[in-house]
Amino acid sequence: MKELIRRYGKWLNKRVLTAVGLCLLLAAAVLTNILVNKGKTDTAETGANRTESVTQVSAQSGSMDANFFASYREERDNVRTQELAYLDAIVSQGADAETLSDAQQQKLELVNAMETELTVENLVRAKGFDDVIVSIHKGNINVVVGADALNDEQVAQILDIVLRETGKSAENVKISTTL
């Protein structure tokens, strides 16, 4: 045994042991993540699919239903809460620096999107619309207004608010009504 230590001792220094330990921790974090999320789909995709189906059902119904806006907001809040919980779990697991940084960046982007959505919704409501939902996802902005129809001036007002608050280009914005 002493001969093995003497022969391979130069390889068993603190740096190598630290690197091996970090690799083992990373592998454990990945394995834990896989086991925790086994059988589940990606939360963001699930939430997006659910909200898209809610939007489609409401748009097909042809009526301005206040329940649509309430249920959409509730669903969006639930999905966001789950996303934040997953990101918090990644942060608390003690992942490597890159994964930790990525999780914190995603969390910051999510919080910024939530704040921007709320700001835009309130500013559009201030223009006299009964209800509005704003959804920011992967650089695209969807605005659903509780109105039967919008004239060009109203669309321009809403677009101005969205562009000013988000800094995105007009080609990334879609404005629609509940009909």
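In the predicted model, the largest nonpolar core (buried Ala, Val, Leu, Ile, Met, Phe, Trp, Tyr and Cys residues joined through side-chain atoms within 4.5 Å; buried means under 20% relative accessible area with a 1.4 Å probe, protein chains only) comprises 15 residues. Val124, Val134, Ile141, Val143, Val145, Ile158 and Val162 have the most contacts inside this core. Helix H5 (97-126), S1, S2 and H6 each give two or more residues to it; helices (H or I, at least four residues) and strands (E, at least two) are DSSP runs, numbered from the N terminus. With residues up to four places away in sequence not counted, Ile158 touches Val124, Phe129, Val143, Val145, Leu150 and Ile175, contact being heavy atoms within 4.5 Å. Another core, of five residues, lies apart from the 15-residue one and includes Phe68, Phe69, Tyr72 and Ile133.

Residues are numbered from 1 along each chain as its sequence is written. Local features need pLDDT of at least 70 and side-chain atom pairs count only at pLDDT 80 or more, while totals for chains, interfaces and linings use all residues; side-chain values use heavy atoms, without hydrogens and water.

Three strands form an open sheet in the order S1-S2-S3, with mixed pairing (at least two DSSP bridges between two strands). S1 (132-137) and S3 (173-177) each have a single partner strand, so one side of each edge strand lacks a neighbour in the sheet. From one strand to the next the twist averages 15°. S1 and S2 (residues 140-145) run antiparallel and are joined by six bridges, with Ile133 opposite Val144 in S2. Helix H6 (residues 152-166) packs on the sheet and touches S1, S2 and S3. The direction of H6 makes about 140° with that of S3, where axes are lines fitted to C-alpha atoms, for helices over the stretch in contact, and angles run from 0 to 180 degrees between N-to-C directions.

How values were computed:
Buried means under 20% relative accessible area, exposed over 50%, partly exposed in between (1.4 Å probe, protein chains only).
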